Amino acid sequence: MPQYQPYSQITQLLPVSRMNRYIQDGDNPDITEERKKATFDVDGFTEWYHGGAKRLQARREVEKYVEDHKELQDTRPTPFMSREELIDNSVRKVAGMAKYHEMIDMTNIEKTTYFIQMVHVRDGQAFSLHYLMFLPVLQSQASSEQLSKWMPRAVSGTIIGTYAQTEMGHGTNISKLETTATYDPKTEEFVLNTPTVSGAKWWPGSLGKFCNHAIVVANLWTNGKCEGPHPFIVQLRDMNTHKTLSNLKSGDIGPKLGINGSDNGYLLFDQFRIPRENMLMRHSKVLPDGTYVKPPHSKLAYGGMVFVRSMMVRDIANHLANAVTIATRYSCVRRQGELAPGAGEVKILDYQTQQYRIFPYMAKVIAFRIAGEELQVIFKEISKKLKKGEASQLPDIHALSSGLKALVTFEVQQGIEQCRLACGGHGYSHASGIPELLAFSCGSCTYEGDNLVLLLQVAKYLMKVVTSASPNTNGICGYLHKKSQSNVSTLSSHKTYSDHQIVQDFEHATRRVVLQAFNKLKTESSIYKSHEAWNRCSVELTKAARWHIRLYIVRILLLKVSQAPEDIRPVLRTLAKLYIFDLQVSNKGNFMENRYMTPQQIDELKSGVSGALATIRTDAVSIVDAFAIHEIELKSVLGRRDGNVYPALMEWTAHSHLNKKDVPDAFEKYLKPIMENIRAKM
């Protein structure tokens, strides 16, 4: 398959369109026609989308570097590889990264993460949790002395780490983890033990065969008392032979729906001893005599989780951007059916149904990416305060990060599936790249916290805010203690529907849903015990959590679009309005309760949706071009930049082992004898 020329080489492209310079000689005429219609500067959109010229330039440097170093690329399309070949391919590229390590800069996490992503894309690799979990948790949970010991080794790659929390029989309910770490004051050691098979650590990436250290979460016992789950850094393998240490049992858990280039593993302890100093002690401590020192704030451990989830939200939005790019480009080169009899087949993107299948998710790419970017900004601010011992805002940001992770990963999964359907039969082929995206996104709904469990955590936080005696009316939840400025929506026309009106209407709907859940919980609590009442209200509580997060996304989306450069603001405004109007129409019952909105106002919003679809249709290809997803990352025949899909599909078949021989061995081995036997009897 021809490789896409990196954006840094776009000066070589033909100056056919002032707005979209992705046009080249030899491109499919249908996709060139789309690019010529651009109404905005694609370069300017790309720079805004990726956070400015400096961050965009860093991405271009990574892309050019990976293009220039073939050892960092796949030898053939990964869907044609066996599990063993995927693992070998992954580790080969890890070795290539170690050799060409100029792009790994732990002072620039974003650039380093993108380098890893460009090299491994969605196949997984031995260092994935080392960078995504091991290093961040070590950074946030280790004391200064521990950091000086472990961080240089971790950053240099001398040790390969993972994060082992989830157990075979226990996931998000970490208070019930079975793995124990019992302190022995005589030897000043912790004794790690797995009492039952259900307590085996299960799922951590690279735990199976390649990591040699892990941050293990275990219930801490000291002086006969359980102090709850705490993190411990544990060496798992001999640093010379790489063999598993005595009193440990580990291995690979087998093939999964996706990410099969990663050796997700299991781990069991049999009275395994580690030094006292291996308990991460930035916040809580165990003294040599076994005395337990509590952390200054019970929620300080949330910092690491918030960081990981802030990265997840933005990155998973990028997977949706991949799928939308594939579906949009393909829909402009695929012709099928006639809108007018005898007029010839049309591009399938001309059908409004196809637009409605793809464009709302195009809008969600923008909304979710903005939310993820802002979450990272908030996390950095909170991190500065945490270092000073200020943790008052941590519950707010923990609830926000939990809710965003839950809502965004679920809706991204839905969006990728819609993009697969939008590509028809070819979307079912790995050649489209979408099945791999779909499999990857499925996992994100579960790892780092099951989505429903996270939504219930958000709901628990909201219920506390509702009953707060001294609420912060200017905070994220300030709307819960505000009175509606009006009992009815002031919407008159979707064209004049202001940001203030939109936020006011969403605050009304969200406040109503949250307070309804609160009142139901209050009623049920007067009849049943607290845990039973909570369970009886859990559906309403998760709805309240979703609306709280939707309101946050709507607010931050409108704010950031209003601050965008003037020349790209119109197209961003259209995408934002599509996201918002579609959300309102799809949940019209929440806005029409107590006649807050009328059927006529809902019809006006429907007109807004139709108008946005028509407007976006003109710029659709240019919008996905502006996402600037490199061909190596896209991994799609259907979504290729040049639009030459059908010749590339034929080229794709050459990678199939079945096509190496005209008559397969299985025919000779099984079917031929049967057929010959039948013929002999005829």
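Here are some exercises, each with a worked solution, on a predicted model of a single protein chain.

**Exercise 1. Work out what the chain is built from and how compact it is.**

Let's start with the parts. The chain holds 21 helices and eleven strands. Next, take the overall spread: the radius of gyration is 27 Å, and the globule rule gives 26 Å for 682 residues, so the chain is as compact as a globular protein of that length. For the outer dimensions, the C-alpha atoms fill a box of roughly 90 × 80 × 65 Å along the principal axes.

Now go inside. Of the 682 residues, 56% count as buried. Finally, look at who touches whom: among contacts with a separation of 6 or more, 72% are between residues 24 or more positions apart.

**Exercise 2. Find the two stretches that UniProt annotates as domains, and describe the helix and strand content of each.**

Take residues 41-160. An unreviewed UniProt entry labels this stretch "domain: Acyl-coenzyme A oxidase N-terminal". In the model, residues 41-160 are 67% helix and 0% strand. The C-alpha atoms at the two ends of that stretch sit 44 Å apart.

Then move along to residues 500-676. UniProt, again in an unreviewed entry, lists them as "domain: Acyl-CoA oxidase C-terminal". This span comes out at 76% helix and 0% strand, with 78 Å between its end C-alpha atoms.

**Exercise 3. Describe the second largest pocket: its volume, its lining and the helices that supply it.**

Step one is the volume, which is about 1,200 Å³. Step two is the lining, made up of 36 residues. If you want to find the middle of the pocket, look for Ile109, Phe307, Phe379, Lys380 and Ser383, the lining residues nearest its centre.

Step three is to trace the lining back to the helices. At least two lining residues come from each of H5 (109-120), H6 (128-141), H7 (144-156), H8 (302-333) and H9 (352-387). Helix H9 gives the largest share, with nine residues.

Step four is chemistry. Sorted by class, the lining has 15 nonpolar, 13 polar and eight charged residues.

**Exercise 4. Compare the linings of the cavities in this model, class by class.**

First, the count: searching the whole structure turns up two cavities of 30 Å³ or more.

The largest cavity has a volume of about 120 Å³. Around it you'll find Arg59, Glu110, Thr113, Tyr114, Gln117, Arg314, Asp315, Asn318, Arg369 and Glu633. Helices H5 and H8 each supply at least two of these lining residues, and H5 has the largest share with four. By class, the lining splits into one nonpolar, three polar and six charged residues.

The second largest cavity holds about 40 Å³ of space. Its lining is Leu207, Cys211, Leu236, Arg237, Thr244, Leu248, Ser250 and Leu267. Here the tally is five nonpolar, two polar and one charged.

Put the two side by side: six charged residues and one nonpolar residue line the largest cavity, whereas one charged and five nonpolar residues line the second largest.

**Exercise 5. Locate Glu188 and Asn247, give the phi of each, and decide whether they are buried, partly exposed or exposed.**

A bit of background first: most residues other than glycine have a negative phi.

Glu188 isn't a glycine, yet its phi is positive, at about 55 degrees. To place Glu188, go to the loop between strands E2 (180-184) and E3 (189-193). Its relative accessibility is 34%, so Glu188 counts as partly exposed.

Asn247 also has a positive phi, near 70 degrees, and it too is a residue other than glycine. Look for Asn247 in the loop between strands E6 (225-235) and E7 (248-252). With a relative accessible area of 41%, Asn247 is partly exposed.

**Exercise 6. Is Asn260 buried or exposed, and which residues does it contact beyond its sequence neighbours?**

Begin with the location: Asn260 lies in the loop between E7 and strand E8 (265-269). Next comes the accessibility. Buried means under 20% relative accessible area. Asn260 has 15%, so it is buried.

Last, list the partners. Setting aside neighbours within four places in sequence, Asn260 is in contact with Arg83, Leu86, Ile87, Asp123 and Pro255.

Definitions and conventions. Residues numbered from 1 in each chain as written. Predicted model: local features only at pLDDT ≥ 70, side-chain atom pairs only at ≥ 80, totals over all residues. Heavy atoms only, no water. 1 Å grid on protein atoms, 1.4 Å probe; cavity = no way out; pocket = protein on both sides within 12 Å on 5 of 7 lines; lining within 4 Å. Points joined across faces, edges and corners; volume = space filled by probe spheres on them. Nonpolar A, V, L, I, M, F, W, Y, C, P; charged D, E, K, R; others polar. UniProt positions renumbered as here; feature names shortened; annotations may be inferred. Rg over C-alpha atoms; globule rule 2.2 N^0.38 Å. Buried < 20%, exposed > 50% of the residue type's maximum accessible area, 1.4 Å probe, protein only. Contact = heavy atoms within 4.5 Å.
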